[in-house]
Amino acid sequence: MTTHTFLKANALCLMLVALTACNDNDDHQPTKTERNNQSINILAFNDFHGNLEPPKRFIEADDPHDHSKTVQIPVGGVSYFADAIKKLRAQYPNNAVVSAGDLISASPLISSLFLDEPTIEAMNDIQIDFNAVGNHEFDRGTDELRRLQNGGCQQYTSTKPCQINPDFAGATFNFLAANVSMKADPNKTLFPAYKIKTYGGIPVAFFGLTLEATPSIVSAAGITDVDFHDEADTVNALIPELKKQGIEAIVVVVHEGVAPSTKFNKKTCDGLSGPLIDVLERLDPAVDVVVSGHTHQSYICDYATKNPQKPFLLTSAGQYGTIITNIQLELDGKTGDVIKKDASQVPVQSESYTSGTTTINLTDLYQKFSKTPSIEAILDKYRPAVATISARVVGSATGVINRNATESGESALGNLIADAQQAAALAASNHGSDFSLMNPGGVRADLLINSSNQITFGDVFSVQPFGNSLVTLSLTGKQIRELLEQQWSGANAATTRILQPSKELSYSYKKDSSATPRASNILISGQPLSDTQVYRVTVNNFIADGGDNFTILKEGKNPVGGGQDIDIFEKYVTQNSPLSAPTTDRIKLIP
């Protein structure tokens with residue numbers, strides 16, 4: 001059965017489940033009393049990733065007094081984020097605070113070490129309304145995700161839950177997952193499909209969805225009980241039933257996005273590209289607003305300027321709680337529909353910081369926010385527990401080793417991690433390893449150093465926060481060729497994922513995307529790849545399970561497990577300090 005057929009066949013059942021489980025208020029039904037127009041504000045963010053402390057990032061924005069100049073604004077930190085939300089709520093009392101996914105996981109140590117419980121507690125204190133689950137919500141599996149929603153200390157992961165808070169109660173806000181159904185009962189969704197909020201008697205529906213491609217970018221072992229469905233088909237199938245209930249104002253909060261070509265806070269659709277475009281082109285025009293995420297970009301786009309048949313307001317707020325999108329809507333009292341919509345980006349200006357020799361100072365040109373005492377009280381429970389672990393020096397480097405990709409897609413830090421994993425595989429396995437490959441999405445931050453050129457465990461953890469384990473398996477040379485081609489095919493065609501190779505592997509590939517095959521001159525330890533020879537290849541368990549569309553790895557034979565990636569990387573840093581950035585000449589791009 002196709003996804004579209006599945007949804008059409010089950011739309012009514014899903015709708016009944018959603019309606020009985022999802023309504024915030026009892027007064028969303030149409031009423032005969034006269035309703036006045038309502039102004040409401042949706043305060044949106046996405047891709048928070050447990051960034052509780054200020055992430056030492058800045059936003060480059062226009063100088064409001066001289067648009068030929070820009071200003072750098074230091075942003076982020078949940079304590080300042082909470083103050084920004086509080087002030088915006090006070091200014092706009094008719095509001096909803098929504099997250100477009102990846103609220104948790106791939107997080108800094110202060111959140112990840114405690115299974116992101118601190119992030120849930122902070123968001124409870126802020127009193128956000130909804131979180132549309134993203135792909136990273138599934139990193140530890142559906143059982144652990146349910147625990148974060150419902151609370152409790154039952155152990156679903158290899159790390160002990162409730163280390164600091166033995167009474168962890170779970171999220172007081174709702175996770176939403178309209179396009180994630182249960183395999184055991186396809187009429188039931190993992191979390192509610194949507195929620196309703198009512199303003200002056202006018203109901204507004206908030207859908208929550210993750211990207212359909214989630215199974216290709218999370219571990220298959222953790223999502224065996226659920227299926228993921230097309231985003232547009234899911235929403236479109238439910239809209240007729242919403243309209244029967246008199247609901248005209250519809251907001252879609254989806255963890256999928258685009259890449260813009262515009263500067264911060266510029267309201268334009270010029271240069272948009274990415275997988276969400278296809279979803280928008282098929283989405284029912286009854287939708288009024290699409291709050292998006294996943295690409296970690298900020299944008300505001302009146303999509304009607306791109307396609308008049310699709311009158312959506314499209315927004316995204318970047319990443320890490322550094323921006324809040326203030327979406328302003330006017331609801332018609334007679335029809336209940338949205339008659340005006342606009343949005344602006346609010347930088348969460350927090351505190352000055354120094355990175356290397358550069359100091360980013362606060363500016364009076366944009367609003368400054370303050371620490372929130374109740375949030376600080378939450379963080380102060382966790383800070384002492386993580387401080388000693390994070391500050392432990394594990395090595396040194398001659399400079400910052402970054403994850404910036406070259407034109408060919410290779411990065412110095414990606415190569416360093418692959419070399420570390422290859423060294424560990426050779427030391428641990430009597431089956432040997434010919435080369436290692438690291439997926440770029442698993443390299444989460446630059447490898448930083450302090451003023452003494454030291455690398456701490458906190459720095460290492462920021463780079464490798466997932467706790468994946470290594471797997472060494474056998475592939476033929478022919479399968480290795482197919483694996484390299486998967487970097488540009490299938491789900492990777494729109495967003496190329498170049499695997500980072502250890503120093504034993506080198507090859508060239510053609511820039512022309514229509515070329516077949518694209519990879520050539522494949523060498524392993526200087527010798528040409530042989531299609532019939534069997535090679536041992538080391539990867540992490542995520543891509544070994546077919547993650548990031550590298551399905552050929554699932555065909556690997558004689559797998560031998562290894563240690564956790566964070567432990568392996570830490571050991572390599574210690575044993576090879578002072579580190580220098582590896583060269584990025586293992587992959588060559590052919591014009």
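**Exercise 1. Count the disulfides and give their pattern along the chain.**

Solution. The model is predicted. A search of the whole structure finds two disulfides. Count the bonded cysteines along the chain: the pattern reads 1-2, 3-4.

**Exercise 2. Work out which hand the Cys153 and Cys162 disulfide has, and how accessible each cysteine is.**

Solution.
- Step 1: check the bond. The sulfur atoms of Cys153 and Cys162 are 2.0 Å apart. The cut-off is within 2.5 Å, so such a pair counts as a disulfide.
- Step 2: take the torsion. About the S-S bond of Cys153 and Cys162 it is about -100°, so this disulfide is left-handed.
- Step 3: classify the ends. Buried means under 20% relative accessible area, and exposed means over 50%. Cys153 has 34% relative accessibility and is partly exposed. Cys162, with a relative accessible area of 9%, is buried.

**Exercise 3. Do the same for Cys269 and Cys301, then place both residues in the fold.**

Solution.
- Step 1: check the bond. Here the sulfur atoms of Cys269 and Cys301 lie 1.9 Å apart, and the two form a disulfide.
- Step 2: take the torsion. It is about 95° about the S-S bond of Cys269 and Cys301, so the disulfide is right-handed.
- Step 3: locate the ends. Cys269 sits in the loop between strand 11 (249-255) and helix 7 (276-282). Cys301 belongs to strand 13 (residues 298-302). The pair therefore ties together parts that are 32 residues apart in sequence.
- Step 4: classify the ends. Cys269 has a relative accessible area of 8% and is buried. Cys301 is buried at 0% relative accessibility.

Notes:
Residues numbered from 1 in each chain as written. Predicted model: local features only at pLDDT ≥ 70, side-chain atom pairs only at ≥ 80, totals over all residues. Heavy atoms only, no water. Buried < 20%, exposed > 50% of the residue type's maximum accessible area, 1.4 Å probe, protein only. Helix = DSSP H or I, 4+ residues; strand = E, 2+ residues; numbered from the N terminus.
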